[in-house]
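Colleague: Could you walk me through this model before I set anything up with it? I'd like to go question by question.

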Amino acid sequence: MGNDGRKAEIMTELADRARRDFQVRISMNAAAEEERRAAIPAERRAELGLTEERYRQHQSWMRQSQAAEREKLEKGISYFSTFQLDVVEAFFTDLNQDGPFAGAHGLESGLGSPGFTPPTYSHGLQGFLTTYRHYHSDERYIRDYLNFRPSSTGIIRLAWEALGLEAPTGLTELAESVSRERVRRLLLVSLALHSTQYEHAIRNLKTTGYAQGDEIADRTEHLRWMSPGFAKYLLQRDPDDRTLARKLTGHQKDLFKLTLEGVSQRRFLYFLDRHTSKARADRGN
């Protein structure tokens with residue numbers, strides 16, 4: 001089988017799975033809706049104005065919404081099918097093995113896990129293919145994620161922006177000229193900076209309950225832990241951990257245009273060691 005035939009075979013399987021995901025979710029939602037409706041006494045439905053006509057209108061709206069979702073899914077499948085065979089095949093292999101990419105993106109099948117039940121809110125492969133272009137841009141993302149496996153999926157696009165990388169060049173291609181270890185270290189250092197600042201924001205929370213989530217978002221949405229100058233410095237100079245910690249907390253700390261709220265040498269080095277150790281362990285698996 002040639003490359004085109006192999007890719008067509010994989011895409012057929014992925015498309016079928018995504019469509020099944022979609023249909024299962026529709027069926028589950030319909031069953032849940034019927035249960036909710038049956039649980040409301042007739043008298044209460046009358047008080048709320050839940051007439052048969054209202055239900056028919058709701059069902060008509062749901063069918064229109066599902067048709068729009070189905071159309072978006074088909075567009076997502078079509079876009080994914082433009083990727084090169086090596087990317088599609090790597091994704092397909094990882095998906096079938098419940099690998100690191102599947103785990104990080106909520107695509108685990110749960111095969112072999114006793115009592116595994118997929119969460120009802122998960123859109124699975126359907127949601128992934130539908131929104132891929134919006135969240136992950138292009139095929140570079142899959143290749144870069146599998147090569148570097150960062151603990152934060154968003155760090156890859158931040159690195160592209162900081163380094164001025166445009167398709168088809170990603171971190172994988174950049175590593176051919178500056179080394180994979182330096183690119184991996186750039187990601188780890190940036191993640192350590194984010195973790196240090198996030199810890200600082202959490203430690204100073206004043207609210208509890210649901211409002212706490214809003215406060216966390218307010219305190220962290222402006223954080224900046226990757227910048228062009230910082231990325232260039234790390235890739236070209238490759239400073240050791242302690243030199244880097246001093247640079248980020250000394251008189252030149254504003255040089256890289258990063259936010260450094262709550263970043264001390266001790267906490268930064270703690271998180272850098274933690275992320276580095278986890279990355280080593282993951283690569284060993």
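Colleague: Since this is a predicted model, let's start inside: which residues touch the most other members of the largest nonpolar core?

Modeller: Yes, it's a predicted model. The largest nonpolar core holds 66 residues. Nonpolar side chains tend to be buried together in soluble globular proteins. The ones touching the most other members here are Leu14, Phe80, Phe91 and Phe268.

Colleague: Which element gives this core its largest share?

Modeller: That core has 66 residues in it. Eight of them come from one helix, the largest share, and that helix is H10.

Colleague: Take Phe268 from that list. What does it touch, leaving out residues up to four places away in sequence?

Modeller: Phe268 is also one of the H14 residues in the contact with H10. Its partners include Asp241, Leu244, Ala245, Leu248 and Val263. The rest of the set is Val189, Ala192, Leu193 and Thr196.

Colleague: How do the axes of H10 and H14 cross: at what angle, and is that parallel or oblique?

Modeller: H10 covers residues 180-203 and H14 covers 265-284, and their axes come within 8 Å. The crossing angle is roughly 130 degrees. Roughly antiparallel would need over 145 degrees, so H10 is oblique to H14.

Colleague: And is the crossing of H10 and H14 left-handed or right-handed? Which residues of H14 make the contact?

Modeller: The crossing of these two helices is right-handed. On the H10 side, the contact residues include Arg184, Leu188, Leu191, Ser195 and Glu199. From H14 come Arg267, Phe268, Phe271, Leu272, His275, Thr276, Ala279 and Arg283.

Colleague: How many residues in the contact of H10 with H14 are nonpolar, polar and charged?

Modeller: Arg184 and Arg185 of H10 are in the contact, as are Arg267 and Arg283 of H14. By class, the contact divides into nine nonpolar, four polar and five charged residues.

Colleague: Staying with H10, is valine 183 buried or exposed?

Modeller: Valine 183 is found in helix H10. Leaving aside neighbours within four places in sequence, it is in contact with Phe148, Leu171, Leu174, Ala175, Val178 and Leu235. Its relative accessibility is 0%, so valine 183 counts as buried.

Colleague: What about leucine 260, buried or exposed?

Modeller: Leucine 260 has its place in the loop between H13 and H14. Beyond four places in sequence, it contacts Leu193, Gln197, Leu248 and Lys253. The cut-off for buried is under 20% relative accessible area. At 17%, therefore, leucine 260 counts as buried.

Colleague: Which C-alpha separation do you get between leucine 260 and arginine 224?

Modeller: Those two are 36 residues apart along the chain. In space, their C-alpha atoms are separated by 8.1 Å.

Colleague: I'd check the backbone too. Which peptide bond is cis, going into proline 168?

Modeller: Proline 168 is found in the loop between helix H8 (155-163) and helix H9 (171-178). Omega is near 10 degrees for the bond in question. The cis peptide bond runs from alanine 167 to proline 168.

Colleague: What is the phi of aspartate 238, and where does it sit?

Modeller: Aspartate 238 lies in the loop between helix H12 (228-237) and helix H13 (241-249). At 32% relative accessibility, aspartate 238 counts as partly exposed. Its phi is positive, though it isn't glycine, and is near 50 degrees.

Colleague: Then lysine 257: buried or exposed?

Modeller: Lysine 257 lies in the loop between H13 and H14. It has a positive phi of about 60 degrees, although it is not a glycine. With a relative accessible area of 67%, lysine 257 is exposed.

Colleague: One more helix pair. How is H3 placed against H6: parallel or perpendicular?

Modeller: The axes of H3 (residues 52-80) and H6 (residues 124-136) come within 8 Å and cross at roughly 70 degrees. Phe80 and Ile77 of H3 are among the contact residues, as are Phe128 and Leu129 of H6. By class the contact has seven nonpolar, three polar and three charged residues. The crossing angle makes H3 roughly perpendicular to H6.

Colleague: Last one: how many helices and strands are there in the protein chain?

Modeller: Buried residues make up 37% of the 285 residues in the chain. The C-alpha trace spans about 70 × 60 × 35 Å along its principal axes. As for secondary structure, the tally is 14 helices and zero strands.

Definitions and conventions:
Residues numbered from 1 in each chain as written. Predicted model: local features only at pLDDT ≥ 70, side-chain atom pairs only at ≥ 80, totals over all residues. Heavy atoms only, no water. Axes fitted to C-alpha atoms, helices over the stretch in contact; angles between N-to-C directions. Helix = DSSP H or I, 4+ residues; strand = E, 2+ residues; numbered from the N terminus. Parallel < 35°, antiparallel > 145°, perpendicular 65-115°, else oblique. Left-handed = near helix turned anticlockwise from the far one by under 90°. Contact = heavy atoms within 4.5 Å. Nonpolar A, V, L, I, M, F, W, Y, C, P; charged D, E, K, R; others polar. Core = buried A, V, L, I, M, F, W, Y, C linked by side-chain atoms within 4.5 Å. Buried < 20%, exposed > 50% of the residue type's maximum accessible area, 1.4 Å probe, protein only.
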